[in-house]
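Please open the model in a viewer and keep the sequence at hand. The tour below proceeds from one selection to the next.

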Amino acid sequence: MRSFGDRLQNHAENLDRLNAQLDRRVAERDARLEIVRAALDQEIKKRLWAEQELTQSNRRLKDQVMHDGLTGLYNRRYLEESLGREESRARRSGRALGIMMIDIDGFKRSTIH
């Protein structure tokens, strides 16, 4: 009976050692996982920042494309983009669409001379 108790004690000690090893490995992997999570979090933040910067740059670029650089007024490109939209709106609402264009600066006349 005593040898059975000794064997049981040895198995219990082996299990304790294995549990301790397992606990150390889990702790090491948790530490590595935390490092990877921190790096991933940093990368996500960088990409979100870059995306916001790109969005803002695209907005500024679109604004520059739609406005005359000298006067700040809407230009022909804006007219072309908005004309289709306004025509569709007029059709949906069943209303007439009127367009008036005025040359206020006589640019072509002044550059021909």
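Is L79 buried, partly exposed or exposed? The structure under inspection is a predicted model. Select L79, which is found in helix α2. L79 has a relative accessible area of 31%, so this residue is partly exposed, because that class lies between the limits of 20% for buried and 50% for exposed.

Keep L79 displayed and add M66. The two residues are 13 apart in sequence, and their C-alpha atoms are 8.6 Å apart in space.

Next, extend the selection from L79 to L83, L97, I99 and M101. Together these five side chains make up a nonpolar patch on the surface, with a combined accessible area of about 470 Å². Within this patch, L97 deserves a separate view: L97 sits in the loop that runs between α2 (76–93) and α3 (107–112). The relative accessible area of L97 is 42%, so L97 is partly exposed.

Now turn to the aromatic rings. One aromatic pair is counted in the model. Select Y74 and Y78 to display this pair, which is stacked: the ring centres are 3.8 Å apart, with 20° between the planes. Y78 is partly exposed, at 27% relative accessibility.

Finally, select R24, R25, R29 and R32. These four residues form a positive patch on the surface. Where is R25 placed? R25 belongs to helix α1, which comprises residues 2–66. R25 has a relative accessible area of 52% and is therefore exposed, since the exposed class begins over 50%.

Notes. Residues are numbered from 1 along each chain as its sequence is written. This is a predicted model: local features need pLDDT of at least 70, side-chain atom pairs count only at pLDDT 80 or more; totals for chains, interfaces and linings use all residues. Side-chain values use heavy atoms; hydrogens and water are left out. Patches are made of residues with over 30% relative accessible area and no salt bridge: like charges are joined within 9 Å, nonpolar side chains (Val, Leu, Ile, Met, Phe, Trp, Tyr) within 5 Å. Accessible areas come from the Shrake-Rupley method with a 1.4 Å probe; for residues, only the protein chains shown count as cover. Lys and Arg count as positive and Asp and Glu as negative; His and the chain ends are not counted. The place of a charge is taken as NZ of Lys, CZ of Arg, CG of Asp or CD of Glu. Helices (H or I, at least four residues) and strands (E, at least two) are DSSP runs, numbered from the N terminus. Buried means under 20% relative accessible area, exposed over 50%, partly exposed in between (1.4 Å probe, protein chains only). Rings of Phe, Tyr and Trp (its six-membered ring) pair if their centres lie within 6.5 Å; planes under 30 degrees apart count as stacked, over 60 as edge-to-face and the rest as tilted.
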